[in-house]
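Colleague: Could you walk me through this one? I have a few things to ask once it is on screen.

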Amino acid sequence: MDLKDMRQFLAVAEERNFTRAAERLHMAQPPLSRQIKALEDEMGAPLFLRTPAGVELTEAGQALLDEVPNLLHLAQRAAERTRRAAQGLTGQLDVGIYGSGVLDVIPRVLAKFHAQRPEVRIALHNLTKSEQLQALRERRISVGFNRLVPPEPDLMVESVLRERLLVAMHEAHPLAQRRQVGMADLDGLPMILYPNEAIHGLAQEVAEAFRQEGVRLAVEQDVEDVVTAVALVASGFGLTIATRSAASLRLPGVVFVPLRSRHLKDLELSCLHRRGDPSPVLAMFLEVVRAHGKSETKGGNGLRPAGTAGCGQPARRPPRGTSRCRCR
């Protein structure tokens, strides 16, 4: 008994007449009679009593009628869920996150996607760069976000945007009043580097820029993430080079000043996923990511349009005791 049989049986049971049922089903009456007879043979019991006025349900027919509407409803719901899944409207998206991107860019991308696909469950996984690469290969996540991702033969690495680099320092630091800070200004000053990871990242980029520009790098502390780095800056522990997104931390007493460097101008935020992944949910999410990247880069290298500070606030001096950005 298939869905076609169920619909034909239901039409006859509700119309109590083969002719009217056939008209309702947009088919001829003789084929319908043959289909019902074949169904009765399959069930091993008569489903209808034929009368001069039409048909009446037998007890077996009534028992079947009690079940068929529910079965048809379940079948319709299953078909609809299948279609929605194929369109990327339902399912789950496992996202690997790490670094300063999670402070600004990634939450906005996720919010846009959630607004478009509210039935898709988003699961976030805080993973280092090497952990994200492994999780993608093991299919524990569908997509990841990170910076300075090396080329991988089995993975796609797509640029989302580029963010200007800033120097974070305590507001009492002599450089805090500058409109820009050059690499030479950082010569011998205590620096906090992140992330403290073996794979190439911002810490290695900073060290290489110091070397190429002939500036002494005094590493005060290596830390695992930008939050720890900026928290140490807030306590006067040293300075750190971070992306624009880090300015959204707004820790009291921290100032962000644009960095001027020949070798370290901005940093790319990338989206990584498996090559050839057929997931409709992933395809829809990547559309949102790409659209967001295009809208951000209209302001220039991933920065907001002129007239706003790099941290997204109006370009004016805020009250003392608050984190501020001089990205003007």
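Colleague: Happy to start in the middle: which residue in β12 is the bridge partner of Leu161?

Modeller: A word on the source: this is a predicted model, with pLDDT of at least 70 needed for local features and 80 or more for side-chain atom pairs, while totals for chains, interfaces and linings use all residues. Residues are numbered from 1 along each chain as its sequence is written, and side-chain values use heavy atoms, without hydrogens and water. Strand β6 (residues 155-170) pairs with β12 in the antiparallel sense over nine bridges; strands are DSSP runs of E, at least two residues, numbered from the N terminus, and a pair needs at least two DSSP bridges. In β12, the partner of Leu161 is Leu269.

Colleague: And which residue of β12 is the bridge partner of Gly144?

Modeller: Strand β5 (residues 143-147) also pairs with β12 in the antiparallel sense, over five bridges. For Gly144, the partner in β12 is Leu272.

Colleague: How many of the nine residues of β12 are buried?

Modeller: Buried means under 20% relative accessible area, exposed over 50% and partly exposed in between, with a 1.4 Å probe and protein chains only. Strand β12 (residues 266-274) is largely enclosed by the rest of the structure, because the buried count is eight of the nine.

Colleague: Now Ala38: is it buried, exposed or partly exposed?

Modeller: Ala38 lies in helix α3, helices being DSSP runs of H or I with at least four residues. Its relative accessibility is 41%, so Ala38 counts as partly exposed.
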